[in-house]
Amino acid sequence: MNDPSTRTLGIVYQEQPYNAGTPLPQLCSSFVTPQERFFARSHGNTPTIDSESYRLHITGNVRNYLELSLAELRNRFPSYTVMATLQCTGSRRKELAELRPIPGELLWGGEPISNAIWRGVALRDVLAAAEIEPEARYVAFAGLDEVLKDDEQVGFGSSIALEKALSPEVLLAYEMNDQPLTPEHGAPLRVIVPGYIGARSVKWLGAITLQSEPSHNYFQAKSYKLFPSYVTEAAKADASQGQTLEALP
Ligand SMILES: Nc1nc2c(c(=O)[nH]1)N[C@H]1C(S)=C(S)[C@@H](COP(=O)(O)O)O[C@H]1N2
Ligand SMILES: [Mo]
């Protein structure tokens, strides 16, 4: 399933979905996290995507629908590097669980935070080529992994406001620390949204959709929300009343 050389050294919480991280002493021994120490957080399978036949689709409220191969992305747009930390909102859930039970979630310690130098093209350059129409307020991302929620195939998606999508630090990344992205981290192409919770940085990116509303994907519309303290049971929470998590504190 996973090439052993691309696996994370340390604690493997789950093989399938693959969830792993490096204990803090080793994690903190370098400012830039080497790929093999960078945490991996996945909700579904780790797809194997053929980079030759791979196409990125840009659709929705755009004048030009685009379908780009990796070679076209690299040739048509300038590349940039951005150093950015990803943090999963599950970080230190183990400590939270000591206050109240958190059923059905991985009890991470402090491992799911890591810092890398990402290389890719700027999302805003690709959006400019697609020519955004005025109705577009959000940029939605869809992953190519398979994710089941209550036996239903929901996939993984997220969205960010157009304003953030147009800021230069948001990348469509194909390299991490001068090496090609590994399957666990989203090869051949992933989104990097610096400063936002890790869940917005969609791996195995298949499509970008410009739209007037945020993504309806489970992980944007229902999960990764902050509720007032009187909401004590996730199953009974009204997702529309929750505050969407985006920028990290
Ligand atoms: N397609 C897809 N993208 C995804 C995920 C996923 O399960 N599927 N997990 C998200 C979450 S919750 C986090 S914290 C980051 C983790 O990125 P990493 O595995 O490279 O550390 O990826 C995000 N992107
Ligand atoms: Mo996450």
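A pocket here is an open set of grid points with protein on both sides within 12 Å along at least five of seven lines, and a residue lines the pocket if one of its atoms lies within 4 Å of a point. Keep that in mind for what follows. The model is predicted.

Start with the largest pocket. The space in this pocket comes to about 1,800 Å³. Its lining counts 43 residues. Nearest the centre of the largest pocket are Arg93, Ile102, Glu105, Ser223 and Ala234. By class, the lining of the largest pocket has 23 nonpolar residues, 11 polar ones and nine charged ones.

Which elements each supply at least two residues of that lining? They are two helices, α3 (93-97) and α6 (218-221), and two strands, β9 (148-149) and β16 (225-226). The largest share of the lining comes from α6, with three residues. Arg93, one of the residues nearest the centre of the pocket, falls at the start of the range of α3 (93-97).

Now turn to the enclosed space. How many cavities of 30 Å³ or more does a search of the whole structure find? The search finds one. The volume of the largest cavity is about 260 Å³. Its lining consists of 22 residues. Arg41, Arg190, Gly198, Ala199 and Lys203 lie nearest the centre of this cavity. Two strands, β3 (40-41) and β6 (79-87), each give at least two residues to the lining of the largest cavity. That lining divides into 10 nonpolar, eight polar and four charged residues.

Where does ligand 1 sit? Ligand 1 occupies the largest cavity. Around the ligand are 20 residues. Phe39, Asp145, His185, Arg190 and Lys203 come nearest to ligand 1. Two of these names are already familiar: Arg190 and Lys203 are also among the residues nearest the cavity centre. The shell around ligand 1 holds 10 nonpolar, six polar and four charged residues.

Look next at the polar atoms. An oxygen atom of ligand 1 lies 2.6 Å from a backbone N or O atom of Phe39. For Arg190, an N or O atom in the side chain is 2.7 Å from an oxygen atom of the ligand. A polar backbone atom of His43 is 2.8 Å from a ligand oxygen atom. How much of the accessible area of ligand 1 does the protein cover? Of the 530 Å² that ligand 1 has on its own, the protein covers 100%.

The backbone deserves a look too. Two cis peptide bonds can be picked out. One joins Gln16 and Pro17, with omega at about -5°. Pro17 is placed in the loop between β1 (11-14) and β2 (19-21). Another runs from Ala187 to Pro188, and its omega is near 5°. Pro188 belongs to the loop between β13 (179-180) and β14 (190-192). The range of β14 (190-192) begins at position 190, and Arg190 is one of the residues that come nearest to ligand 1.

What is notable about phi of Asp150? Phi is near 50°, a positive value in a residue other than glycine. Asp150 sits in the loop between β9 and β10 (152-153). Strand β9 (148-149) also brings the path back to the largest pocket, where β9 supplies at least two residues of the lining.

Definitions and conventions:
Residues numbered from 1 in each chain as written. Chains lettered and ligands numbered in written order. Predicted model: local features only at pLDDT ≥ 70, side-chain atom pairs only at ≥ 80, totals over all residues. Heavy atoms only, no water. 1 Å grid on protein atoms, 1.4 Å probe; cavity = no way out; pocket = protein on both sides within 12 Å on 5 of 7 lines; lining within 4 Å. Points joined across faces, edges and corners; volume = space filled by probe spheres on them. Helix = DSSP H or I, 4+ residues; strand = E, 2+ residues; numbered from the N terminus. Nonpolar A, V, L, I, M, F, W, Y, C, P; charged D, E, K, R; others polar. Near = heavy atom within 4 Å. Polar contact = N/O pair within 3.5 Å; in protein donor to acceptor, adjacent residues only side chain to side chain. Areas by Shrake-Rupley, 256 points an atom, 1.4 Å probe, with all protein chains shown as cover. Sits in = over half its atoms within 2 Å of the grid points.
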